[in-house]
Amino acid sequence: MISFTSDQRYIVTGASSGIGESVALLLNELGAAVIGIGRSRERLDGMKAKAKYPENVFLEQKDLTEDIEGLPAYVKALKDKYGKFQGMALCAGIGRTAPLNAFDLSEARKIFDIDYFAPLMMTKGFADRRVNTGRGAAIVAISSIAGISCEKGLVTYGGAKAALSASLKAASREVGTQGIRINCISPSFINTPMTQSTPNEELLEKASKEYLFGFGTVSDAANMIIFLLSDKSKWITGQNYILDCGTY
Amino acid sequence: MTNEEFLTEMLDVLQTEEQLSMDTVLDDLDEWDSLSVMATMAFLEKSFGIKTTMKDYKEMKTIGDIAKKAGL
């Protein structure tokens with residue numbers, strides 16, 4: 001049984017909806033303190049309203065792409081405010097469907113900002129010895145099946161997610177000496193506000209026919225993230241787990 | 001860069017909560033490992049335009065020795 005204590009503090013990005021919200025609520029239910037970061041104060045409040053122990057949910061309204069360079073200092077400031085962190089779930093992200101013939105460099109850079117540079121700079125901030133609790137601390141990032149086996153139309157998104165899991169593999173080796181673990185999950189299609197807002201009918205139709213157990217739910221991803229944040233996975237680092245009911 | 005500014009920068013480079021002085025012995029710092037050496041190499045190159053190699057750090061004993069290498 002996985003459980004946490006309220007002096008174990010976890011940062012969750014993208015905490016106001018989808019997988020991030022589910023991770024934040026589950027961490028809280030299992031006893032941890034959660035610092036939920038999201039763009040919308042209103043939606044963050046909505047998450048907190050669903051929490052089992054709202055007194056252990058702390059909200060930080062922030063657009064992580066506003067000042068990517070400043071993110072390590074931001075994480076350090078959060079540590080000064082709340083104390084050292086036991087873990088971090090990097091769930092903020094954006095999906096975008098655009099094939100090569102519609103590839104737009106400035107649009108692609110925006111996607112890389114959100115899906116690659118921001119989580120990497122958050123990781124840099126967290127990995128600072130003065131910010132985390134040391135041995136036993138863990139980071140989990142949401143990559144994507146698109147970073148491994150990419151469908152049509154996901155040129156940029158797949159590239160950003162592949163870059164993220166590759167960089168975090170290197171980072172896991174670097175911070176391993178401090179006892180910090182870093183893992184990724186790579187889900188295929190999961191029903192979230194993000195995936196619903198980026199219609200890719202062709203992919204949806206293919207998925208609805210091929211997925212053995214149907215589309216994933218946010219809790220399918222959240223359960224794996226919680227396991228990877230907890231000490232039940234203390235021998236696991238540098239991995240990227242595919243969650244796709246065996247499809248790819 | 002003044003000596004004081006250099007020491008402040010080194011706090012971030014080494015990610016240490018210790019007090020640093022020019023006399024701080026590198027081997028006395030838990031944080032002084034191969035990654036810290038790489039971070040210091042990057043810092044000297046970025047802030048001072050000085051390229052160093054791993055070998056240089058074998059000869060350095062204190063924070064002051066790094067400052068000297070940086071030309072302070």
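Guide: A salt bridge is counted where a side-chain nitrogen of Lys or Arg lies within 4 Å of a carboxyl oxygen of Asp or Glu. The model discussed here is predicted.

Visitor: How many salt bridges are there between chain A and chain B?
Guide: Over all chains, the structure holds 12 salt bridges. Of the bridges that run between chain A and chain B, the count is 3.

Visitor: Which side chain of chain A meets Asp12(B) in a salt bridge?
Guide: The closest approach in this pair, N to O, is 2.8 Å, and the cut-off is 4 Å. The partner of Asp12(B) in chain A is Arg130(A).

Visitor: Which residue is joined with Arg130(A) and Asp12(B) into one network?
Guide: Asp56(B) and Lys69(B) also form a salt bridge, at 3.9 Å from N to O. These two lie in helix H3 (residues 54–59) and helix H4 (residues 63–69) of chain B, so their pair ties together parts that are 13 residues apart in sequence. The network is another matter: through shared salt-bridge partners, Arg130(A) and Asp12(B) are joined with Asp128(A).

Visitor: What area do chain A and chain B bury between them?
Guide: In contact are 8 residues of chain A and 10 residues of chain B. Carbon and sulfur atoms carry 38% of the buried area. The area buried between the two chains is about 750 Å².

Visitor: Which three residues supply 75% of the area that chain A buries against chain B?
Guide: The pair of chains buries about 750 Å². On the side of chain A, no other three residues supply more than Arg129(A), Arg130(A) and Glu174(A).

Visitor: How many charged residues are on the side of chain A that touches chain B?
Guide: Between the chains, the count of residue pairs in polar contact is 6, with both residues at pLDDT 80 or more. By class, the touching side of chain A has 1 nonpolar residue and 1 polar residue, and its charged residues number 6.

Visitor: In what order do the elements of chain B run?
Guide: Chain B has 4 helices and 0 strands. Read from the N terminus on, the order is α-α-α-α.

Visitor: What is the radius of gyration of chain B?
Guide: The C-alpha trace of chain B spans about 25 × 25 × 20 Å along its principal axes. For 72 residues the globule rule gives 11 Å, and chain B comes close to that, so it is as compact as a globular protein of that length. Its radius of gyration is 11 Å.

Visitor: What share of the residues of chain B count as buried?
Guide: A residue counts as buried when its relative accessible area is under 20%. Asp56(B), at 18%, is one such residue, whereas Lys69(B), at 35%, is partly exposed. Of the 72 residues of chain B, the buried share is 40%.

Visitor: Is Lys51(B) buried or exposed?
Guide: Lys51(B) forms a salt bridge with Glu45(B), with the closest N and O atoms 2.8 Å apart. Glu45(B) is partly exposed, at 40% relative accessible area. Values over 50% count as exposed, and Lys51(B), at 67%, therefore counts as exposed.

Visitor: With which residue does Arg41(A) form a salt bridge?
Guide: Arg41(A) and its partner are 4 residues apart in helix H2 (residues 41–49) of chain A, separated by about one helical turn. Arg41(A) is partly exposed, at 40%, and the partner, at 37%, also counts as partly exposed. The closest N and O atoms are 3.5 Å apart, and the partner is Asp45(A).

Visitor: What distance separates the C-alpha atoms of Asp45(A) and Tyr10(A)?
Guide: Asp45(A) lies in helix H2 of chain A. Along the chain, Asp45(A) and Tyr10(A) are 35 residues apart. Their C-alpha atoms are separated by 17 Å.

Visitor: Where does Gln15(B) lie in chain B?
Guide: Most residues other than glycine have a negative phi. Gln15(B) is not a glycine, yet its phi is positive, about 50°. At 18% relative accessibility, this residue counts as buried. Gln15(B) lies in the loop between helix H1 (3–14) and helix H2 (34–48).

Visitor: What value is phi of Cys245(A) near?
Guide: Cys245(A) lies in the segment after strand E7 (240–243) of chain A. With a relative accessible area of 22%, Cys245(A) is partly exposed. Its phi is positive in a residue other than glycine, and is near 45°.

How values were computed:
Residues numbered from 1 in each chain as written. Chains lettered and ligands numbered in written order. Predicted model: local features only at pLDDT ≥ 70, side-chain atom pairs only at ≥ 80, totals over all residues. Heavy atoms only, no water. Contact = heavy atoms within 4.5 Å. Buried area = accessible area lost by both parts, 1.4 Å probe. Polar contact = N/O pair within 3.5 Å; in protein donor to acceptor, adjacent residues only side chain to side chain. Nonpolar A, V, L, I, M, F, W, Y, C, P; charged D, E, K, R; others polar. Rg over C-alpha atoms; globule rule 2.2 N^0.38 Å. Buried < 20%, exposed > 50% of the residue type's maximum accessible area, 1.4 Å probe, protein only.
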